[in-house]
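Visitor: Please pick a single strand of this chain and take a close look at it, then place it in the rest of the chain. Give the cut-offs behind the terms as you go.

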Amino acid sequence: MCAAYVATSYRCHRRGRDAVLRIGALPPPLPWGARRQATFLTACNPLGRLNSPAANRRLSRRLSASLAGGPWLALAGEGRALAGDWPAEASLLLFGCTRRTAAGLGRRWRQNAVLWLARGRKVDLLALR
């Protein structure tokens with residue numbers, strides 16, 4: 001499982017530019033503001049089982065709706081396998097998420113793993129299963 005996550009590019013979109021996150025690397029400059037932690041999360045393909053594009057769009061809309069009005073700053077993004085052997089997954093970069101909250105959100109959306117970031121630290125993969 002871990003190799004597939006490492007071989008993925010995690011992009012978030014801000015003001016027409018992409019910031020690329022890589023596991024084990026320091027994140028690029030991001031709009032942290034007063035927030036010191038973040039998670040990169042998707043609702044697509046729960047438990048690593050490939051869904052139809054329509055089902056993934058529905059899950060992504062539900063994820064976004066569930067976070068509306070919450071305490072996080074969210075940037076749209078996507079996870080894309082570098083080898084092109086898995087479809088891109090719509091994702092969100094949520095600023096203000098503790099490690100514990102990130103893991104809880106990942107489990108709620110039935111993900112095998114999420115990324116967790118802390119300002120000034122390397123991007124970490126949180127395996128959830």
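Guide: Strand β6 is joined to strand β7 (residues 124–127) by four bridges, and the two run antiparallel. Here two strands count as paired if DSSP finds at least two bridges between them. The elements themselves are DSSP runs numbered from the N terminus, with helices being H or I of at least four residues and strands being E of at least two. This is a predicted model, in which local features need pLDDT of at least 70 and side-chain atom pairs count only at pLDDT 80 or more, while totals for chains, interfaces and linings use all residues. Residues are numbered from 1 along each chain as its sequence is written, and side-chain values use heavy atoms, with hydrogens and water left out.

Between β6 and β7, A113 has A127 as its bridge partner. The two strands form a hairpin with five residues between them, and in that turn G120 has a positive phi of about 80 degrees. β6 also pairs with strand β3 (residues 37–42), again in the antiparallel sense and over four bridges. In that pairing, W116 of β6 stands opposite T39.

Strand β6 covers residues 113–118, and six of its six residues are buried, so the strand is largely enclosed by the rest of the structure. Buried means under 20% relative accessible area, exposed means over 50%, and partly exposed is in between, with a 1.4 Å probe and protein chains only. In a regular strand the side chains alternate between the two faces of the sheet. In β6, A113, L115 and L117 point one way, V114, W116 and A118 point the other way, and all are buried.

Just before the strand, the loop between α3 (99–108) and β6 holds R110. Phi of R110 is near 60 degrees, a positive value in a residue other than glycine. Most residues other than glycine have a negative phi. R110 counts as partly exposed, at 42% relative accessibility. R15 also has a positive phi without being glycine, near 50 degrees. R15 sits in the loop between β1 (8–14) and β2 (17–21), and at 73% relative accessibility R15 counts as exposed.

As for the chain around β6, there are three helices and seven strands, in the order α-β-β-β-α-β-β-α-β-β from the N terminus on. The radius of gyration is 13 Å, close to the 14 Å that the globule rule gives for 129 residues, so the chain is as compact as a globular protein of that length. That radius is taken over C-alpha atoms, and the rule is 2.2 Å times the number of residues to the power 0.38. Buried residues make up 43% of the 129 residues. Of the contacts (heavy atoms within 4.5 Å) with a separation of 6 or more, 62% come from residues 24 or more positions apart.

A buried residue outside β6 is N56, with a relative accessible area of 10%. N56 belongs to helix α2 (residues 53–67). Leaving aside neighbours within four places in sequence, N56 is in contact with C44, N45 and N51.
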